[in-house]
Amino acid sequence: MSAKPLQVNPIKLSQPMGATLAFLGVKECMPLMHGAQGCASFTKVFYTRHFHDPIAIQTTAVNDITAVFDGGDVGIVTAVENITKKVTPKLIGLFSTGLTETKGDDLRGAASKLTLPVVWVNTPDYEGGFESGWALSVEAMITQLVKPSSTIDSAKIAVLPHSTMKPIEVERLKEFIEGFGFTAVALPDLSTSLDGFLGEKQGQLSAGGVEVQDIMELASSMAVIAVGGSMAKAAGLLAQKNPLMKTVTVESIGGLGATDTLAKALCDLGGRPSEKIKRWRARLQDAMLDTHFILGKAKVVVAGEPDWLVGVCSALHEVGATVSVALSSVTSPVLQNVKADQTIVGDLEDVQRFVEECDMIIGNCHFERVAKKYHKSLIVRGFPDWESVGSQLFDDCLYEGGCGFLFNAANTLESHRAHG
Amino acid sequence: MLARQTIKELYNESSCSHNAEKKSGCEKPKPGATTGGCAFEGAQISLFPYADAVHLVHGPITCLGASWETRQTKTSVAGYDFTQMGFTTDTSVNDVIFGGDKKLSDAIDYCVGHYAPSAVFVYSTCVTALIGDDIDAVCKDAAARHSIPVVPVHSPGFLGGKNFGSRIGGEAVLEHLVGTLEPETTTPYDINLIGEYNVTGDMWQYTPLLESLGIRILSTLAGDGRVERIRTAHRAKLNVIVCAKSLVTFTRKMNERYGIPFISVSFYGKRDTSRAILEIATALKDDELIERTKKLIESEEAKLEAKLLEYKAFFAGKKAILNTGGNKSWSIASALQDLGLEVVATSVNKATEDDIEKAREYLGENAILMKVPGVEQPKLIKEHNVDILLAGGRSLYTALKNKIAFVDVNQEKKISYGGYEGLLNLAEDVMHALKNPVFKLAGSTAPWEVES
């Protein structure tokens, strides 16, 4: 952990931003950020530029007077009144910020005064980060929405993706589980909300995602699969709603080994893989051999959220690439599983010297300037990616996405070597 | 802390026309019905373009983490370009409990030690303002320790919106920088550019013209800015506000303190660019300069018109609707008219009283000023046979449904539309949008659906 008194060119993002994204994966939800208007505004602009689509979010717009005199309930109740003048959300995702946590607002109390369905969650931005904000919101949705059950649907699996899984990756994960003969419900489900599609009513409420009704009925799942260490707690909470439910946590779905672990778990749950899945595994094996000549000699700097780092570094490690440094935005127990020479928690400034000596960077678009300066190849991944179009549809996970990821990495590196 | 009196004053700027009619100045944002940035963002917009100063954000990670490297504010500064870097104390729960003064002080030392900036701006935000960190004292000590300006900017987001934050930024510059250094030389033609942030290099579209007339940019707030220059701003003969009502407080106070007059101009479109240059020359009260300026404008306009011929022929008879906010509601309208497009309507729901007046002036008597553009624009497109909609991303579907061209004017732009040359960039973008078949195709009905 860096002992600096500040961050210089941070990659860290805040808990309320993670919470926003989680609630955008619920259909017809209005994420409501309890804070000053800027928190929501920055977040909205951030995601609008990342996804190239309108983003639904509202704010309680705390001002200098309400900051002192309102315990939060007036602002929150008024906000919901004003929202419902224009739209009728199926869910309000209410979450706090540093400002409203510092003044000690009672979200639970305020939520109890609302007539609409609401999930509340404390997400101060002076604690944790993007990944934990996402995870805390999923935990809150499970605790507050899911109805306990004592029976199971033997085909149904609940899957909890981590914060940095792209919309297409959530879709492919559901299909993968279905390819083993199950049905899958993802919470949150960005694959139908921020996948970049042309819809009619843009951005008033979240455009797609998992239905609130389906969240409420999640306890009938025969198993819950958490993808990433950050989602393990949420899986445990869901399993508490039904004593018959099995719990599986996979640390990632990046590369052959991690995908095999998931596949093995699905077999243990009674599933059998489709022919298509078997074919993609064989293709990935071939892709690994095709790319190892190029990637096997590569030194890579990887930067992002902890759970995502685990997957990417593992996929690179499998073809002999050296991750000279994995830069994490925040600390996490999973960092000890990252396949890298060094793992550090810090900012862009902290990895500068590693960048100078590497061949390739995989990180967010803030690395573009660095890559240009040191003439390094760059694959933009994670948040934010303001420059690429279509990032929501780039699949890097499981057998199929794993092929794409390795080919992309090898081609990027080779083209950079050849043309600079 | 900002004194209560100062906050009141900033809220009730007497030079804003809306304050002549309303009792309260800047309105409080409505919970659940608010879009737009906060006071911190406004301060950031107005001051971050000083590329030779470190901008240290004293707050938790949302404030800077989501917002650094977002604006294409170009600079010619050599060495570190601090406008494209992010510095934050990343307030932790420990700081909230025990106070963040020590960490802030250490962070300032770190910035000065590692990056040798010519100044440090320190921004307070909601959390650090609420826990009562004394940034004034920390900045004062640090300034003495390092012998460079360390400027406290009191910009907690809960104080208000972006405009208000820009005023706070101006206030910090006025109190801590302006008048603290004498320029090496002065000329009778020294001006300050206020509220020009040089986004995508907008400012560089017209500053060469001013310089060719012998007009000197003494300092800017803050496009391609230098802290050393703004410290000498009190010696300018004229303050020029560029498309930014929010800094009128700054120029009014400069007028009171230093007797510097101010004018407000826009550099979007041909007519506005010409008018702006002439107004500057006129305000400098030199007949010879005014004559030279008129000649320059004539030759620049002739050059531009020659390049616009082809575009104008293409745009003849084409109709546009504009749906955007603030000064863009009239400045882009004016630029579109310069290209020969008819602007049927513009939105004024997010505009100030001044902007509405200007919009009316440009669009003429029959102008349609949309108060609820979301509802009005689909109707207007049909009624007036409109060819192109220029709006934010939310309106894309309206354009597709009506099978007309679309330009996202609210998207962070990558090239400049400013000055004479910028108008050609706008012409190019509008022409390509009008020619592009994508709007008809992308909005087409699926083969398995019946056309409605």
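A salt bridge here is a side-chain nitrogen of Lys or Arg within 4 Å of a carboxyl oxygen of Asp or Glu. By that rule, three salt bridges cross the interface of chain A and chain B in this predicted model.

Select Lys12(A) and Asp90(B) to view one of them: the closest N and O atoms of this salt bridge are 3.0 Å apart. Next, display the polar contacts between chain A and chain B, which amount to 24 residue pairs, both residues being at pLDDT 80 or more. On the side of chain A that touches chain B, the elements giving two or more residues include strand E1 (7-8), helix H1 (15-23) and helix H2 (37-51) of chain A. H2(A) supplies the largest share of that side, eight residues.

Now show the whole contact, with 58 residues from chain A and 63 residues from chain B. The buried area between the two chains is about 4,900 Å², and carbon and sulfur atoms give 61% of this area. Within chain A, highlight Pro5(A), Gln37(A) and Phe42(A), which lose the most area to chain B and together make up 15% of what that side buries.

Then move to chain B and select strand E7 (residues 238-242), where five of five residues are buried. Leu238(B), Val240(B) and Val242(B) point one way from E7(B), while Asn239(B) and Ile241(B) point the other way.

Add strand E5 (residues 190-196) of chain B, which runs parallel to E7(B) and is joined to it by four bridges; Asn192(B) has Asn239(B) as its bridge partner. Finally, add strand E8 (residues 262-265) of chain B, also paired with E7(B) in the parallel sense over four bridges. Val242(B) is there partnered by Val265(B). From E7(B), the chain passes through helix H12 (residues 248-258) of chain B to E8(B), in a right-handed β-α-β crossover.

Technical notes
Residues are numbered from 1 along each chain as its sequence is written. Chains are lettered from A and ligands numbered from 1 in the order in which they are written. This is a predicted model: local features need pLDDT of at least 70, side-chain atom pairs count only at pLDDT 80 or more; totals for chains, interfaces and linings use all residues. Side-chain values use heavy atoms; hydrogens and water are left out. Buried means under 20% relative accessible area, exposed over 50%, partly exposed in between (1.4 Å probe, protein chains only). Two strands pair if DSSP finds at least two bridges between them. A crossover is right-handed if, with the strands pointing away from the viewer, the path from the first strand over the helix to the second runs clockwise. Contact means heavy atoms within 4.5 Å. Buried area is the accessible area (1.4 Å probe) that two parts lose on being put together, summed over both. A polar contact is a pair of N or O atoms within 3.5 Å; within protein, one must be able to donate a hydrogen and the other to accept it, and residues adjacent in sequence count only if both atoms are side-chain atoms.
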